[in-house]
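Grab your viewer and work through these exercises. Each one sets a task and then walks through the solution.

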Amino acid sequence: MADWSKPPDWSSAERMNFLCSPLPENRADKPSKWDTQTEFWSSLIVSSCRDCSQLSASGRQLEERFTTAGRKPVCLPVVLKHASSQGTLRSLSSFEASCSESWLEWGTGLAFSWLSDSLTGTEDVMETVFVIPHLVEAFSLKILAQHSVDVRAQPGLVLLDSEMFAALCRRVHATLSNQDIKLIHQWLKKSSKLSVAPTDEIEGAELIKLASGEGNKVTAVTKRDIALFQLHKSAALLSGEVERLSEDIKTCFERAKEMQKLGPRSSAVLQLRRRKRLLKMMSQKEGTLDNISQLLDGLVSAEDDKKVMDALRIGRDAYRDALADVDSEKVHDTMDDFRDLHQRQDEVSTALSGPLDDTLDEDELEAELAAMESLALEDTDPATDTSQSCLPGNENGSNPTQSASAASEDTSATSQNMPATPQAILSQTAGETLAQ
């Protein structure tokens, strides 16, 4: 039996004695105890089946799984009836009937199936096989996702026979039974994610086509799908034969070498003849396999080209509709309007950036500024020179008047060589104002 995760309560004998104790058929008798036990066992049934990759189980199988230390879940029949009435579980017969009906018919008959389950006796409930619909859906979607990966790896192989479908299911969940694989097949078909090739189109096993993704519905099986399937199957058969012939060729060569040493020479010659014949057969099959591979590539490429052409056609029509109301003359007129508006905006900006008072003459201002600079260079202050000559500390014995005159000349020469600074101009202007 596969391992499954036990809940924390499983290690407590006292707690499990309570959870395994009998339950009344009517919830109103002990509502708190009834809710606790039904919720615990319903959740455990689903989680244990998920861990075991099991989509269906009988009451007896569940009882055996949950029996520990000689303690059986006596309340299990009541729990199974309750879970069936809530839709957590479905009896196998009810699930299969729902998959063969329309959704409306299934919804109408669901209440009657719940009612029949609730009226079933204890022994019948334990022998009934129950399906977990939630797990069937989850496993089915995983199988669809894996199939999409396979199709991308091997383009064109969209059909599967029964053996290939079973192998796909077990690649996703290795322990799935044949019954569970059948449930997945039924759910996918009910959900419009699986279709079957018409029996008049093929000979032999059933051919299955799956949807290309979880959110997509399956399309009908076409003759192209059947042709691609048959080509893929022929290619697989030829590949197996080529591999077998290759092994036989090696064996013939080894036997010929042994017979050359130990046996009669004629036996060695026979082995070499057989080896050449096998080489010829292998060469022919390899040529056929190459032709099939080219044909498969051509079919897949043609389908891709068709999809590209369909997309281009749709894009062309959309482009044409988008430009239906667009006229080149209207476009030129619109662009001319934009240019006029842009020119008007430039004129407005130029007007806004101009001076508010245009009565001042810039030349007069420049001439006045030049005159101020000339006066600042020519005029000196005698009082300042005299005060400087009378300052103490002039101990060089020179004539103060001569020193002041020399300093004035040096200052005048320096001023003539240096440009007038704004501070000098302001000082000169202040001196003239005081002199006046």
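**Exercise 1. Size up the second largest pocket and describe its lining.**

Step 1: The second largest pocket holds about 530 Å³ of space. A pocket here is found on a 1 Å grid over the protein atoms alone, as an open set of points where a 1.4 Å probe fits, with protein on both sides within 12 Å along at least five of seven lines; lining residues have an atom within 4 Å of a point. Grid points are joined across faces, edges and corners, and the volume is the space filled by probe spheres set on the points.

Step 2: Count the lining: 22 residues, with Val151, Val158, Ser212, Arg224 and Lys307 nearest the centre of the second largest pocket. Helix 8 (133–153), strand 6 (207–210), helix 11 (223–261) and helix 12 (265–322) are the elements giving two or more residues to that lining. Helices (H or I, at least four residues) and strands (E, at least two) are DSSP runs, numbered from the N terminus.

Step 3: Sort the lining residues by type and you get 8 nonpolar, 6 polar and 8 charged. For this sorting, Ala, Val, Leu, Ile, Met, Phe, Trp, Tyr, Cys and Pro are nonpolar, Asp, Glu, Lys and Arg are charged, and the others, Gly among them, are polar.

Before you go on, some ground rules: the model is predicted, so local features need pLDDT of at least 70 and side-chain atom pairs count only at pLDDT 80 or more, while totals for chains, interfaces and linings use all residues. Residues are numbered from 1 along each chain as its sequence is written, and side-chain values use heavy atoms, with hydrogens and water left out.

**Exercise 2. Give the overall picture of the protein chain.**

Step 1: The protein chain has 17 helices and 6 strands.

Step 2: Of its 436 residues, 30% are buried (under 20% relative accessible area; exposed is over 50%, partly exposed in between, with a 1.4 Å probe and protein chains only).

Step 3: Take the contacts with a separation of 6 or more: residues 24 or more positions apart account for 69% of them. Contact means heavy atoms within 4.5 Å.

Step 4: The chain exposes about 28300 Å², with carbon and sulfur atoms supplying 54% of that. These areas come from the Shrake-Rupley method with a 1.4 Å probe; for residues, only the protein chains shown count as cover.

**Exercise 3. Find the nonpolar cores and look around Phe165.**

Step 1: The largest nonpolar core has 53 residues, and Trp41, Leu80, Phe165 and Leu210 have the most contacts inside it. Such a core is a set of buried Ala, Val, Leu, Ile, Met, Phe, Trp, Tyr and Cys residues joined through side-chain atoms within 4.5 Å. Helix 2 (residues 31–51) gives the most to this core, with 7 residues.

Step 2: A second, separate core has 8 residues, including Leu157, Val158, Leu207 and Ile226. Leu207 sits in strand 6 and is buried, at 4% relative accessibility. Its C-alpha atom is 8.4 Å from that of Ile226, 19 residues apart along the chain.

Step 3: Back to Phe165. Beyond its neighbours within four places in sequence, Phe165 is in contact with residues including Ile181, Ile184, His185 and Leu188. His185 belongs to helix 10 (residues 178–190) and is buried, with a relative accessible area of 16%. Apart from residues up to four places away in sequence, His185 touches Phe165, Leu194, Val196, Glu206 and Ile208.

**Exercise 4. Is Ser140 buried or exposed, and what does Ser140 touch?**

Step 1: Ser140 lies in helix 8.

Step 2: Its relative accessible area is 0%, so Ser140 is buried.

Step 3: With neighbours within four places in sequence set aside, Ser140 is in contact with Ile184, Trp187 and Leu188.

**Exercise 5. Compare two residues with positive phi.**

Step 1: Recall the background: most residues other than glycine have a negative phi.

Step 2: Ser53 has a positive phi of about 50 degrees. Ser53 is in the loop between helix 2 and strand 1 (56–58), and is buried at 14% relative accessible area.

Step 3: Ala69 has a phi near 55 degrees. Ala69 is in the loop between helix 3 (59–66) and helix 4 (76–86), and is exposed, with a relative accessible area of 76%.
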